[in-house]
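Morning, everyone. Please have the sequence and the coordinates open. I'll keep this brisk.

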Amino acid sequence: MKTFPIGGIHPSDNKQYSKGAAIERFPLPKVVVIPLAQHIGAPAVACVAKGDKVLAGQVIGTAGGFVSSNIHSSVSGTVTAVDAKADAQGLMKPCVTIAVEGDEWVEGVDLSDTLIKNINLEAKDIVAKVTEMGIVGMGGATFPTHVKLSVPPGKKAECLIINAVECEPYLTADYRVMLEKGEELLVGARILAKAIGVDKIYIGVENNKPDAIAALKKLAATYVEIEVVPLKMRYPQGGEKQLIAAVTGRQVPSGGLPIDVGAVVQNVGTALAVYEAVMKNKPLVERVVTVTGSTLASPKNLLVRVGTPMSELIEYCGGLEGVGKVVAGGPMMGRAVSNIDAPVTKGTSGVLLIPTAESLRQKPDTCIRCAKCVEACPMGLEPYLLSKMSKKEMYDECESHNIADCIECGCCTFSCPAYLPLLDWLRIGKGEVMKRMRARAAAKK
Amino acid sequence: MGNLLYTVLVISGLGALLALLLFLVAKKFKVEEDPRIDEVEKKLPGANCGGCGFAGCRGMAEALVKEDDISSLYCPVGGGECMKLIAAYLGKVAAEKEPQVAVVRCAGSCENRPRTNVYDGATSCAVAASLYAGNTGCAFGCIGLGDCVAKCDFGALKMNPETGLPEVDEEKCTACGACVKACPKIVIELRKKAPKGRKIYVSCVNKDKGAVARKACKVACIGCGKCAKVCAHGAITVENNLAYIDYTKCKFCRKCVAECPTGAIVEFGFPARKPAAEVKPEAPKAAPAPEKVEAPKAEVNVEVKETAKTE
C-alpha cells in the first residue's frame, strides 16, 4: 500500500468518538460573528454597515486582492456591528456581527438535495464562480481556492488529487462527508478537474477508513477518470507535499509548489463546497465541524453556519466538564483556543476538547541528540538543530538548513522524548526567515 | 658532539631565516590602521552591547574615527560624558542626548489583570506572542516570560515574581535598547532619565476600546482623554484609545496622574502629596529616603491606587 517516503509518526487516531455520528444540522444561533479574514491573504473589506438588513448568502465583505476571498453572510438578519472582535486566540480581528432573524436566502441559491451531475460551465467560468462564492481550502490552511485553480503560465497541471486523508487524529468531518455526500464530492472533484484542465483525479484515503474507501470506489466506478487510492495510515499524510509523494511518487522540490510536479491538491470539504457553489449557486457559509473529545457526552459532526460561537457547539455536545484545553482543528496542527466564544470560520474543521489530565505539556528536559525528531520529520529536516538555531537567532543558518520547508506538522515535538517545544522555536525561525526572503524578493523587484 | 653542533646550527639557521621571512611579510602586508581607533576604543565602555547599532565597541570606534560628522553616533552606555571625551580627543562635535532609561509600560500584575488561561509552551515571549494574545484578557500588555531580562547585558532587568512583570534597575540601566528590541509587544520604552528617578508615564499600551481594556485590566488606559485636557504643556496625545506622554514636553506637574480615572498614569520618585487635593508638588526639597528606594518602579504610586506598598 502506498505512503510517503520519509518521516511520519503514528499517533492513535481516536476517531472512534465521533466516527459513527451522522452529519447533523446545528440549529441557527441567535447572533453570528463573521470575521472578515477567514483565509490566508488580505482580509476582505466590509461592504455592509450597522443597521443593514442582510440575507443568508449575501456578500458582506469583498475580497481585498487576488489572494483574498469574498465573505458572505451565513444567516439572514440585521447587522449590529462592524468592528474588531477577539478571535479564538484572543487577538482582535475585524468582524461583522449579525443578529439572526428567520432564515431567508438570497435569490438563486438552490437548497434542495437534488444531485446535478452535468457540468455545463467552462473552466474560466468555474474559476469565476469559485472566486465569487468565496471558496477557500477547507482542510485548515484556508488558502483561497481560485488562486490554486489559476495555474500560472508556463506550468501545466497533470492531475488533481483530492485530499481525503484526514490524518489528523479525532477529526471525522471529511470522513462523514465521504460517506454521506460521496456523489456530490465526486461531482465537485470533476468540476475542479475541469477548471484546471486535467483528466486524471486521484482520491487519497487512508486505510483506517475502509468503509469510506469502499463507498467511494463504488461511486467512482462510473467515472473512468477517478481513481481512489488507499494509503497506509501515517501522519502527516494529509500534508500537500506528502500526499503528492504518496499518490504519484513525485517530490515537490524545496521551495517549490505542487504545480511544479503537475499536481493540484484539494480537500474533500473544498470539493463539496465547490460542487455547491457551481451547481447550486451556494456560497461558502456553512461547513461540517467535528466536535469531539473523550469527555463529551455526545461527540458529533455538525453542519454549522460560519460565525456560530464555538461555545454553543460545545454546549450542544455535552459541555466543558473535565476539559483542560480546547483546540480548534485537530490535536496535531490545530491551535489552542483561549476564547471559546470565538466563531467557527471557514477553516474550523473541528473543535477538540482535551481532558485536564492530558492538556498540559510535560516538563522539557535536555536534548540528548537521539535524532528521533530527525527520523520523524516528513520534510527531511533536523528539527533539534533548527530549533536551537532559531532560539539563538542564527537565522542565516536556519535558512541554509531549509527551515522554510517546515510544514509545521508537529511530528518533531510529538516524537521528542525530552518533551522539548521544538516546533514552537521552528515557527519563530521560519517566520523570521520567510520575512527576510520576502524582503529580499521585494528588493529585487 | 659533531651531530649536536650540526643540529643546533641547522635549527638556529632555520629560525633566523623564518624570522626574516615573517619580518618581510609583516612589512609587506602591513594593514595601515589609524592608531586613534585603539585609543577611542579604550575610551568606550567595552560592553559590546550593540546599543549604538554596531556589532561591538570596535565598530563604533572605527566609525567615530572615520566619520567627519559624528552627531548621528551615540553610545548610550557611556552616555554624554563618554561622547564628549571622545569628541574632544578627535576634535569633533559629539551629539548631545539626554540620558535615558528603560521603562516598562504595563502594570498588569496578577491582581490587576486576571489570568484567563495557562500557557505552557516554550518559555519565551516571542513564541507566546506568535501563538496567541496571551494568558490574560489584554492582547497588548506584558507577557511576563522574560525575553527582556534574558537580553539585558547589564543585569538591569529582573522579573518580580509577585507582579509577574519585569522591573528596571535605574542604576544599572544603560538604555542600550536591547530590551526594547526583544519585547514582542513593544511594552518597554526608553524615556528621559530625570533626577531622583522621577518619572511620569502611561503604564499601559492597550489600544482596545475603553470598556474592553478595562474589563481585561483594572489599571488599563481607557483613552478617555482627561489627561490630555488637563495637561498645560500639550505633552499628552490620545491615539487609538491610548494616551501617550511626550517626555520631551512633560514638566512633571503631576496633574494628569491625579486626573487619570483608572490609575494608568503613574509617577515615581516624587515626594508624597498632601492628603488634600493639592495639585502642586512641594518645593523640591530632598525626597524622603524610602521614596528613593522604591524609585526602581515596583508598584503604582499610593495616591493613584489604594494598594499598599509591599516593601
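I'll take chain A as a whole, then the domains of chain B, then one helix. Keep in mind that this is a predicted model.

Chain A first. Its secondary structure comes to 14 helices and 17 strands. How compact is chain A? Its radius of gyration is 21 Å, and the globule rule gives 22 Å for 445 residues, so chain A is as compact as a globular protein of that length. Along the principal axes, its C-alpha atoms fill a box of roughly 60 × 50 × 50 Å.

Now the packing. Of the 445 residues in chain A, 52% are buried. Then the contacts. Take those in chain A between residues at least 6 apart in sequence: 74% of them join residues at least 24 apart.

On to chain B. The domain assignment splits out domain 1, residues 35–90, and domain 2, residues 100–272 plus 288–294. The C-alpha centres of these two domains of chain B are 31 Å apart. How many residues are in contact between them? On the domain 1 side there are 6, and they meet 7 of domain 2. What sort of residues does domain 1 of chain B bring to that contact? There are 4 nonpolar and 2 polar, with no charged ones.

Last, helix H4 of chain B, residues 79–90. It has 12 residues. From first C-alpha to last, H4 of chain B reaches 17 Å, close to the 16 Å expected at 1.5 Å a residue. And what follows H4(B)? Just after it comes B:Gly91, with a positive phi of about 70°.

That's the tour. Over to you.

Conventions. Residues numbered from 1 in each chain as written. Chains lettered and ligands numbered in written order. Predicted model: local features only at pLDDT ≥ 70, side-chain atom pairs only at ≥ 80, totals over all residues. Helix = DSSP H or I, 4+ residues; strand = E, 2+ residues; numbered from the N terminus. Expected span 1.5 Å × (residues − 1). Domains from an automatic or database assignment. Contact = placed C-beta atoms within 7 Å. Nonpolar A, V, L, I, M, F, W, Y, C, P; charged D, E, K, R; others polar. Rg over C-alpha atoms; globule rule 2.2 N^0.38 Å. Buried ≥ 20, exposed ≤ 12 C-beta atoms within 10 Å, placed from the backbone.
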